[in-house]
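Me: I'd like to go through the labels on this one and see what earns each of them. Can you show me the model?

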Amino acid sequence: MKFFTYYEGSTLKPGVKTVNGLLDISGVVSNINELVQLHSNEANWMELTGFIEEKENSSPAYLDESSITMGPCVDKPGKIICVGLNYQKHAEESGMAAPKLPVLFNKYHNTLAGTGEAITIPAHAREIDYEAELALVIGKKAKNVATEEAKDYIFGYSAANDLSARDLQFLTNQWLLGKNLDGFCPLGPYLVTHDEIQDANALDISCKVNGEVRQQSNTSDMIFNCEEIVSFISRHMTLEPGDVILTGTPEGVILGYEEERRNWLRAGDEVVVEIEGLGQLKNVLQS
């Protein structure tokens, strides 16, 4: 199934994309996190799927995808955990050795944005970079999970863009400033349940800027795969339903170019992240 959020006025509402169109499901769940938590209870999940089927069979009022404003496909994550230097070729272009353990940092709720949303570049940020990433969403409480069991704790997947202000990122040896500007974590368009993705560790992933391909890779180049990441994090902190994990970016980021070729993102640029089976995440930057 493919879930999403959209705005009705200032209210963010949950929906589902069916083969026939987009349906509002706020009659049974109030937000995506509540929906994710339902998945671990078979009776509650059956109630949700029954609601969707009934709505489709009774003169459904489909939403017009071209006219709605979509929000981040996970609207209230407790944690947004990111993995740095997790693609072999990206580590190489960065001139760094492949890490022996996952390199973790975090983003906050203020960074979330939906597909189609304009992302404002703060006046004090100059070196804005894109990072196409596969995001996974935790489906049930995970603590000390073995790698071979970790897939059972993943609710689904989405496309993400770990936008980064490199000049702010490297002001200190902590990356927080450059990673946590408002809107710097677009997520969507859909949260796709794990049963629709045959192998999350073998998905084509790309990023285009104004139609030009900048990143073109496959998640098979990840140094630590999805299950290894979930297991590693769960050994150090409890993961809760709705938590989001960004699994790293492939080669091709602007920071990886020689200095004279670094044309940083600027107002008016359209960035499109696309991941096989998950759709296109589109955002335009503005000043």
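Reply: Here are the labels, each set against its cut-off.

Reply: This is a predicted model, where local features need pLDDT of at least 70 and side-chain atom pairs count only at pLDDT 80 or more, while totals for chains, interfaces and linings use all residues. Residues are numbered from 1 along each chain as its sequence is written, and side-chain values use heavy atoms, with hydrogens and water left out.

Me: Why is the contact between K2 and E196 called a salt bridge?

Reply: The term asks for a side-chain nitrogen of Lys or Arg within 4 Å of a carboxyl oxygen of Asp or Glu. K2 and E196 have N to O at 2.9 Å, so the label fits. The pair links distant parts of the chain, 194 residues apart: K2 is in strand β1 (residues 2-8), and E196 is in the loop between β13 (185-193) and β14 (204-209). Strands here are DSSP runs of E, at least two residues, and helices are runs of H or I, at least four, numbered from the N terminus. The structure holds 12 salt bridges.

Me: What makes K2 partly exposed?

Reply: Buried means under 20% relative accessible area, exposed over 50%, and partly exposed in between (1.4 Å probe, protein chains only). K2 comes out at 23%, so it counts as partly exposed. E196, at 39%, also counts as partly exposed.

Me: And D243 with K79: what makes that pair a salt bridge?

Reply: The closest N and O atoms are 2.9 Å apart, so the pair meets the cut-off. D243 lies in the loop between α6 (226-234) and β16 (244-246) and K79 in the loop between β4 (70-71) and β5 (80-84), so the bridge ties together parts 164 residues apart in sequence. D243 has 1% relative accessibility and therefore counts as buried, whereas K79, at 24%, counts as partly exposed.

Me: Which residues share a network with D162 and K107?

Reply: D162 and K107 meet in a salt bridge of 2.8 Å, N to O. Both are buried. Salt bridges that share partners join K107, D129, E131, D162, R166 and K179 into one network.

Me: How do you know that β8 pairs with β18?

Reply: Two strands pair if DSSP finds at least two bridges between them. β8 and β18 (residues 279-286) have 3 and run parallel, so they count as paired. A118 stands opposite V284 in β18.

Me: Why are β8 and β15 called edge strands?

Reply: The open sheet runs β8-β18-β17-β14-β15, with mixed pairing. β8 (118-120) and β15 (212-218) each have a single partner strand, so one side of each is left without a neighbour in the sheet.
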